[in-house]
Amino acid sequence: MTDTEAKTTVSITVNGEAFEANKGELLIDACERAGVHVPRFCYHSRMQPVGMCRMCLAEVDTGRGPALQPTCMLPCSDGMSVDTESELTQKAQSGVLEFLLINHPLDCPVCDKGGECPLQDQTMSYGPGESRFIEEKRHYEKPIPLNDNVFLDRERCILCDRCTRFADTVAGDKLIHFMDRGNNTQVNTFPDEPFASYFSGNTVQICPVGALTAKPYRFKARPWDLDETVSTAWTDSAGARIAVQSSRNQVIRLLGIDSDAVNWGWLSDKERFAFEALNSEDRLTAPLTRAGDHLVPTGWSVALDKAVSLLSDTDPSRIGVIGGARLSNESQYAWAKLAKGVIGTDNVDAQLGDGLPPELVLGLPRATIDQTCTPGGTIIVCGPDPKEEIGSLYLRLRHAVVHDGAKLIELTPSATGLSPFATHSLHPRPGEIATVAAALVAAAAGDPAVAAGGLTAESIAAAAGIIDGPVSVVVGRASLAESADCIADAALELAAIPGARFLSALRRGNIHGALDAGMSPGLLPGRTTIASGADRFAEVWPSTPAGSGLDTAAMLAAAAAGDLDLLVLLGADPLNDFPGRSLAASALESVPNVIAIDMFVNDSIDAAADIVLAASGPTESDGTFTNLEGRVSVCCQRVTPPGTARADWMIASELSRRLGTDLGFDSIESIRSEIASVSPLHSDITEKALVDSVVEGLLIEGPGDLVAPSPTGAGPNIHDAYSLRLVAARSMYDDGVALRNSPSSRGLARSITVRLSPPDFDKIGVARGTVVKVESAGGQLLIPVEPDPGVPEGTAVLPWAAPGSPTNTLIDASATVTDVRVERA
């Protein structure tokens, strides 16, 4: 290899100063790294350049003499010279701005973008200072709604192509376009095709003018009125980095922050507008206690005394703690210490029957998002639809496949948002995914392919033939009507692929932090089992339980049978969260006492809680968050909690003190210090490290004491030819309590329909949209039916937690799969 071939940089000159640019780097980026800002409107570092606006023109000499060239389209070459301050450059930039302002209204004082507008700023810095244009400007009706949350002012649009490019190349939702020609060119949607994208709010954030605005923020504040802090999104497990902006002690906007390791600045609309729930008038502002059939407000002292009385008078083995994924890492640790170290119960589970065994999630070789999205690698999705459940992860996976040449194999019960980009899509019958995974691995190893799970040997062989390079498996629960054992067995089969690494797709908020904090039966903080780590915790924990605790399903079954006397719900709603509504209802009806710690009164609290303690929200207390790859990032307080609501760790500390044991916590920092002292995996999570990594976070690596479990051998019963196997799949918007209290998201949940393959639909002999009866051993629903070619034969797909028709009514949580019959009503 010659020196020229080995060289990865090229020498350029920027405004007379020598600089080493990366080979192939765009000139606009090299100038930025050299400390020279080049103005731009259309260019965005996370999208392909198009050179639309010409604002980045600069005088560039590539060896053929100086000429004006768009720096966003020009890769750096050796010997290149650029002058961003020459008279010719300044004249070109001034001319571009004068043209842009011909039709742009000069209404900055009333424009929602005023004060943070790149056009406003660059006009002041690079513009002509006055306009020679005296003719009438172009006028349009304004604003027009592109969807429920995004409004368009076409008069302000400068046709930079940012929004249309994002919708097309990043989100893959080609719903917003350039229309008409010449001076009449505009951005718009086609009639009867709204901008129905889960990611539409990103176009508002990247718009360089006030053309696109978000309804929740319109006319709420000026940028100089806002206080801002860096934090972490909390609605799913991606841990997207966000800027939380507040005014008058109220959060009024969330913006995506470009974290190279996680979300690249993109957010789903669910994440972006989640703050609305925190401002809801239905937030709990004080504790509640039950008086007859109603919950009534009371003081903290009264509520805590009653809670302590219940906790102290109940045998620890008859106490269960369900939930905790809503909490910060520090609050999770405090509650784990209270439950396991003070109360003495190991009946603690942050997963509500919708997760996977912790030993599987933490014990298999883990992949980061970057490793999963390695260019040219192979991605196997053995889990949920990322577009519906973890939006930021979906955008990263889509980019890897569409733009970076990664190969994608779907191993899912039905089509997903990634199906159009998948190299091969395998949709096994529910309950048979492990047999398909085994056949896929065997075929990849060179064995003859065999038919499995309703799939042909040819389709399995074709998918196995592309497995090459680094292999990453995205593993999670695609259907809550299919047991976790089935998915665990499939993941263990895929672990036989040489070098395979796993990225968890458990979606529930800070669930990975909860597992790291020991909020699971048999676990202690730091990915440690009670059997191996009890001695290490003896110095800081009063005691540790025996380690034979119950998970959520077992706790609910025990409560229904009269074997539990007290349930503690930590941000949990078993009636709507747990697969198996009848079991959850029976448990809440039978258990003598329920204590809830939450921000809202949910259905389970309304039905059964005796004491409700008001908790603060994600922007109302400090802490940290652990995302699906094990990356720890900060969550910062921006506003005060409503009323007298308290941080979860404070509630745990006060309960412990009244029980006679001081947890030893007087601040978030003191909790982090103790975590670092007992968990080697967390020893590097120092205050300085968190500050230094405020955007990228700190990655915790290693399984601790956990090892991957053995296969369970779970499999379904013989398929009933008269029945269909149920797939209960989550969607981005559902009837969850937080979304009910978010005006921008409320009403976006899809009405419930049962989707069947066209052949199964034809067998029923009804028209599209006809109401049919969907019946299982556990219950029945009357709902419309639709044909869907993305659903394999023998399967019925229902959305989880749809408004008015809870799908978990049909599910038997103890069964491997749930069979249903779909008949005329």
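This passage describes a surface patch, the cysteines and one helix of a predicted model.

A nonpolar patch on the surface, with an area of about 210 Å², is formed by Val-50, Met-52 and Phe-178. Of these contributors, Val-50 lies in the loop that runs between helix H2 (27-33) and strand S3 (57-61), and its relative accessibility of 31% places Val-50 in the partly exposed class.

With a disulfide taken as a pair of cysteine sulfur atoms within 2.5 Å, the model contains 0 disulfides. Cys-72 is accordingly unpaired, the nearest cysteine sulfur being that of Cys-56 at 3.7 Å; because its relative accessibility is 0%, Cys-72 counts as buried. Cys-108 is likewise in no disulfide, and the nearest cysteine sulfur, which belongs to Cys-117, is 6.3 Å away. The relative accessibility of Cys-108 is 35%, so that Cys-108 counts as partly exposed.

Helix H19, which comprises residues 530-537, has buried residues at Ile-530, Gly-533 and Phe-537. When the helix is viewed down its axis, the buried residues of H19 fall within an arc of 90°, and they therefore line one face of the helix. Ala-531 and Asp-535, by contrast, are exposed on the other side of H19. The elements that cover the buried residues of H19 include two strands, S23 (523-524) and S24 (528-529), together with helix H25 (668-678).

Key:
Residues numbered from 1 in each chain as written. Predicted model: local features only at pLDDT ≥ 70, side-chain atom pairs only at ≥ 80, totals over all residues. Heavy atoms only, no water. Patch = residues over 30% accessible without salt bridge, like charges linked within 9 Å, V, L, I, M, F, W, Y side chains within 5 Å. Areas by Shrake-Rupley, 256 points an atom, 1.4 Å probe, with all protein chains shown as cover. Salt bridge = Lys/Arg side-chain N within 4 Å of Asp/Glu carboxyl O. Helix = DSSP H or I, 4+ residues; strand = E, 2+ residues; numbered from the N terminus. Buried < 20%, exposed > 50% of the residue type's maximum accessible area, 1.4 Å probe, protein only. Arc of directions from axis to C-beta. Contact = heavy atoms within 4.5 Å.
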